[in-house]
Amino acid sequence: MSGNTDKAAGMANEAAGKVKQGVGKAVGSDKMQSEGAGQEAKGDAQQLKGDAKNAIKDGVNKVADAANKKF
């Protein structure tokens with residue numbers, strides 16, 4: 001997956017997790033609330049992974065650009 005794909009998937013998981021937590025709270029389901037919290041945490045991690053991939057890609061591109069300017 002690309003960095004942007006990871007970020008989008010992460011945002012979706014985070015949003016779904018928040019909804020699941022809200023529903024769990026509304027119906028009094030501790031299990032659903034904890035599942036939602038887990039899904040939200042997974043979404044946060046996916047977004048961080050996407051940010052890292054994008055940062056690495058940007059760094060590689062800067063190095064490549066600098067190398068190309070020397071030649």
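This section describes the fold, the burial pattern and selected residue contacts of a two-helix protein model.

The structure is a predicted model, in which local features require pLDDT of at least 70, side-chain atom pairs count only at pLDDT 80 or more, and totals for chains, interfaces and linings use all residues. Residues are numbered from 1 along each chain as its sequence is written, and side-chain values use heavy atoms, with hydrogens and water left out.

The secondary structure comprises 2 helices and 0 strands, where helices (H or I, at least four residues) and strands (E, at least two) are DSSP runs numbered from the N terminus. The radius of gyration is 18 Å, well over the 11 Å that the globule rule gives for 71 residues, so the protein is more spread out than a compact globule. That radius is taken over C-alpha atoms, and the globule rule is 2.2 Å times the number of residues to the power 0.38. Along the principal axes, the C-alpha atoms fill a box of roughly 65 × 15 × 10 Å. The accessible surface (Shrake-Rupley method, 1.4 Å probe; for residues, only the protein chains shown count as cover) comes to about 5000 Å², and 60% of this area belongs to carbon and sulfur atoms.

Of the 71 residues, 20% count as buried; buried means under 20% relative accessible area, exposed over 50%, and partly exposed in between, with a 1.4 Å probe and protein chains only. Contacts (heavy atoms within 4.5 Å) were also classified by separation along the chain. Among those between residues at least 6 apart in sequence, 63% join residues at least 24 apart. The protein carries 12 positive and 9 negative side chains, and the centres of the two sets lie 5 Å apart. In this count Lys and Arg are positive and Asp and Glu negative, while His and the chain ends are not counted; each charge is placed at NZ of Lys, CZ of Arg, CG of Asp or CD of Glu.

Helix α1 covers residues 3-27. For its 25 residues, a rise of 1.5 Å a residue predicts a span of 36 Å, and the end C-alpha atoms are 36 Å apart, in agreement; the expected span is 1.5 Å times one less than the number of residues. The buried residues of α1 are Gly3, Asp6, Gly10, Asn13, Glu14, Gly17 and Gly24, and what covers them includes α2. After α1 comes Gly28, whose phi is positive, near 75 degrees. Met11, which is also placed in α1, is partly exposed at 46% relative accessibility.

Helix α2 comprises 41 residues (residues 30-70), for which the expected span of 60 Å agrees with the 60 Å between its end C-alpha atoms. Its buried residues are Gly36, Gln39, Glu40, Gly43, Gln46, Gln47 and Gly50, and their cover includes α1. In general, an α-helix has 3.6 residues a turn, so residues three or four places apart point the same way.

Individual positions illustrate the pairing of the two helices. Glu40 of α2 is buried, with a relative accessible area of 18%. Leaving aside neighbours within four places in sequence, Glu40 is in contact with Asn13, Glu14, Gly17, Lys18 and Gln21. The C-alpha atoms of Glu40 and Met11, 29 residues apart in sequence, are 8.7 Å apart in space. Met11 and Gly43 are separated by 32 residues in sequence and by 5.9 Å in space, C-alpha to C-alpha.

Further along α2, Gln46 counts as buried at 15% relative accessibility. With residues up to four places away in sequence not counted, Gln46 touches Asp6, Lys7, Ala9, Gly10 and Asn13. Gly50, likewise in α2, is buried with a relative accessible area of 0%. Under the exclusion of residues up to four places away, Gly50 touches Gly3, Asp6 and Lys7.

Distances within α2 were also evaluated. The C-alpha atoms of Gly50 and Lys69, 19 residues apart along the chain, are separated by 28 Å. Ala64, found in α2, is partly exposed, with a relative accessible area of 33%. Its C-alpha atom and that of Leu48, 16 residues away along the chain, are separated by 24 Å.
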